[in-house]
Amino acid sequence: MKRFLRLLPIIFSSMMLLSCREKTPEIPNPFFESVWTTPFGVPPFDSIRTEHFLPAFERGMSLHNEEIAAIVENPDAPTFENTVLAYDNAGKMLRRAELVFGMLAESNSTPQMQAVEEEAMPLLTAHADEIRMNERLFDRIRQVHDRCDSTLLTPEQMRLTEKIYDEFVRSGALLDKEGKKRLKEINGELARLSVRYGSNLLAETDGFRLELKVEQLDGVPSTVRDAARDRAREAGLNDKTYLFTLHKPSMLPFLTYAKDRKLREELYTAYLNRCNHDDANDNKALVNDFIRLRTEKAHLLGYDTYADYVISEQMARTPKAVYALLDEIWTPALDRAKEELAEMEKLFKADEPEGTFESWDWWYYAEKVRRRDYSLDDEAVRPYFTLDNVQGGIFFLANRLYGITFRPIVAPLYHPDCRVYEVLDEDESHLGVIYFDYYVREGKSGGAWCGNFTEQTYENGERVAPVVGVVTNYARPTRNAPTLLNIDETKTLFHEFGHALHDLFRQVEYRGLSDVEGDFVELPSQVMENWAMEPEMLEQYALHYRTSDRIPTSLMQKIKRSAQFNQGFEMTELLAAALSDLDIHSIKEYEPLDVNAFEREVLYDRRGLIPQIEPRYRYPYFSHIFDGGYSAGYYFYIWAQVLDKDAYAAFSETGDIFNKKVARAFREKLLARGGEADGMTLYRAFRGADPDKTALLKAAGFWKEPADSLQTDSAAVRRLPATKEYWRKRAQGMLDKSGNLK
Ligand SMILES: [Zn+2]
């Protein structure tokens with residue numbers, strides 16, 4: 001839901017299109033102007049038209065090609081300035097058009113914008129490939145790299161050279177002809193596999209329907225029933241039918257409320273077995289192909305495993321470091337999940353004295369526990385969290401921590417809903433501009449994100465301030481009430497605002513050093529969520545929209561307590577997925593494998609996962625790692641949680657969550673530096689130590705004092721029963737729910 005918009009990767013071109021496509025636009029194309037004369041140089045949204053983008057991309061690509069040609073043709077020996085820096089500076093016009101396009105394509109999509117995207121994507125991708133495979137360009141970069149000398153270059157210049165060099169090498173620039181050819185084949189194969197994997201999964205997910213009558217809906221609340229009836233109508237079923245599907249927004253409410261255990265089992269089992277039926281949609285053979293090809297690719301590029309290849313450019317650096325972290329959280333999370341299970345089993349036994357608690361029972365009994373122990377009513381919370389209150393909250397927080405202020409300005413808007421502010425630093429100097437685009441509307445993608453319209457750069461030694469945008473999908477105000485947010489929606493704004501601050505504070509000299517590693521990206525955003533529900537913050541911004549009364553203490557306490565509800569389960573299923581991803585990508589020599597048996601072996605036999613919990617994704621439908629960008633990277637989510645909790649502890653440990661000194665260090669040593677150093681170096685500079693997972697364990701409620709947990713924990717894990725044989729039989733449907741042979 002929350003995602004950070006990684007804009008179209010820098011993508012570039014081929015020149016021949018220019019002649020056949022460029023027409024004289026009726027309104028001058030704003031992307032052809034070198035400077036925008038709007039307030040603070042924001043994009044001139046009032047004069048940007050959809051038809052401006054393609055000509056802008058085309059001219060941008062052609063200019064970029066000219067710049068690259070000038071580097072390659074330079075008769076002088078390659079230097080940092082005439083090669084690495086020139087490469088880093090090239091393509092500015094293209095990038096400017098891409099940034100604006102990327103943002104508008106998400107928030108103001110139209111069929112015309114989609115048509116531009118479809119036409120532009122292949123051209124831009126081909127342009128990027130052409131540059132990466134330019135051997136003469138790489139040869140110059142390599143010469144600078146090989147002579148890279150810390151007596152001549154600054155640490156940032158060394159890092160930029162290293163980064164660009166690595167980028168080419170990771171794309172195969174050092175391979176011989178044979179190797180390059182093979183790498184291209186593998187990449188093409190992998191791309192085709194992704195498409196097939198994704199379409200099989202789509203077909204399986206859409207292909208299952210649980211059609212129910214009203215008498216089968218015992219326990220299901222009316223809002224869930226209404227949605228199921230609407231779904232049935234849209235599917236052309238009669239109006240007495242209620243339809244549930246394998247999409248999570250449909251499945252999870254059913255698993256949470258439906259009293260009929262058989263139906264819960266039917267739905268969840270169908271979900272777990274997607275693309276696992278040995279038929280045309282089965283993905284198990286494709287998973288084998290992925291692992292075979294990815295392992296070969298890793299070997300070709302000089303890595304032992306695919307996980308080594310991926311993680312070598314992340315903050316964690318090595319799979320070993322990731323395992324060390326995941327393994328450490330595993331035991332306390334699993335212990336907590338077992339306690340949660342024990343609590344639920346008491347309720348379960350009252351309903352089913354003879355039965356065995358199964359994975360499809362978890363949501364149903366967790367909800368019972370939640371209602372009993374953590375009663376927190378969304379509707380009681382919302383009146384204190386108007387959108388304006390929450391925006392006031394994030395501004396207050398940024399001011400308390402960093403001294404910055406926000407001043408509404410008049411500037412071109414890309415939609416009348418937008419609000420726009422100038423951001424002023426503590427000394428009133430200009431830091432940047434921020435757009436907020438809050439309300440749900442047609443043509444806007446779902447979820448929430450933050451991105452740049454223009455980036456922070458340096459021009460002739462002067463910092464050029466960025467223009468950033470925060471986009472959400474909140475409900476519009478009604479005639480009777482302003483927009484009222486729930487706790488998740490409130491935290492979302494804190495989160496996206498954290499990304500925005502990262503962009504606004506950035507003071508990076510070279511464009512190629514602005515990006516951070518994949519497992520570092522969510523630190524600046526997630527850390528902000530920690531403040532959202534602190535009493536000191538709530539007192540400031542959570543005021544009832546009618547009475548202006550402060551949020552009552554009892555409600556604050558309930559909010560705090562409920563944050564730990566069901567965390568054992570949530571962390572365990574997340575960790576299980578992260579570990580199964582890492583395990584399968586850590587295979588050194590590929591041999592055909594039974595992917596289900598592999599999963600059971602690594603999670604249940606080796607690590608003692610309890611049969612009542614399934615990993616969040618199983619291989620046949622783990623699209624993050626097979627047709628998404630998270631292969632060997634599903635751990636990012638957990639890694640970032642460790643960082644954000646530990647970073648927040650730096651504030652809370654001082655007894656003052658608004659500690660300005662810590663805030664200054666966080667800003668100067670970490671946020672402002674973008675990717676000028678690797679994530680771990682930046683983190684250590686801020687924290688004076690490596691990230692410690694203790695803060696995460698405490699926040700999730702897993703923390704136990706070391707003395708009583710060290711030995712018993714690991715012993716408890718190994719005691720678990722599940723054997724390979726058990727799982728094989730169960731997977732084959734040979735066992736009944738109690739584990740006995742059918
Ligand atoms: Zn994010």
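## A strand pairing to start with

Asn452 stands opposite Val468 of strand E9. That is a handy place to begin a tour of this structure, which is a predicted model. The two strands involved, E6 and E9, run antiparallel to each other and are joined over five bridges.

How much of strand E6 is buried? The strand, made of residues 449-454, is mostly covered, with six of its six residues buried. In a regular strand, side chains alternate between the two faces of the sheet.

## Helix H17 and its surroundings

Next comes helix H17, which holds 16 residues, from 387 to 402. At 1.5 Å a residue the helix should span 22 Å, and its end C-alpha atoms are indeed 22 Å apart, so the expected and computed spans agree. Just after H17, Gly403 takes a positive phi of about 75 degrees.

Which residues of H17 are buried? They are Leu387, Asn389, Val390, Gly393, Ile394, Leu397, Ala398, Leu401 and Tyr402. An α-helix has 3.6 residues a turn, so residues three or four places apart point the same way. The cover over the buried residues of H17 includes two strands, E5 (430-439) and E9 (467-474). Helices H18 (487-505), H19 (523-532), H20 (535-541) and H26 (660-670) are also part of that cover. Strand E9 is thus a familiar name here, as it also pairs with E6.

## Four domains, and where two of them meet

Stepping back, the protein is divided into four parts: domain 1 (17-174), domain 2 (208-272), domain 3 (296-371 + 565-634 + 704-742) and domain 4 (381-560). Between domain 1 and domain 4, the C-alpha centres lie 29 Å apart. Their contact takes 26 residues from domain 1 and 28 residues from domain 4.

Which elements give two or more residues to the domain 1 side of this contact? They are helix H4 (92-107) and helix H7 (155-170). The largest share of that side, eight residues, comes from H4. Sorted by class, the domain 1 side has twelve nonpolar, seven polar and seven charged residues.

## A closer look at Tyr165

Tyr165 has its place in helix H7. Is Tyr165 buried or exposed? Tyr165 counts as buried because 20 other C-beta atoms lie within 10 Å, and the cut-off for burial is 20 or more.

Leaving aside neighbours within four places in sequence, Tyr165 is in contact with Ile141, Arg142 and His145. Gln143 is 22 residues away from Tyr165 along the chain, and the C-alpha atoms of these two residues are separated by 10.0 Å.

Terms used: Residues numbered from 1 in each chain as written. Predicted model: local features only at pLDDT ≥ 70, side-chain atom pairs only at ≥ 80, totals over all residues. Helix = DSSP H or I, 4+ residues; strand = E, 2+ residues; numbered from the N terminus. Expected span 1.5 Å × (residues − 1). Buried ≥ 20, exposed ≤ 12 C-beta atoms within 10 Å, placed from the backbone. Contact = placed C-beta atoms within 7 Å. Domains from an automatic or database assignment. Nonpolar A, V, L, I, M, F, W, Y, C, P; charged D, E, K, R; others polar. Pairing = 2+ DSSP bridges.
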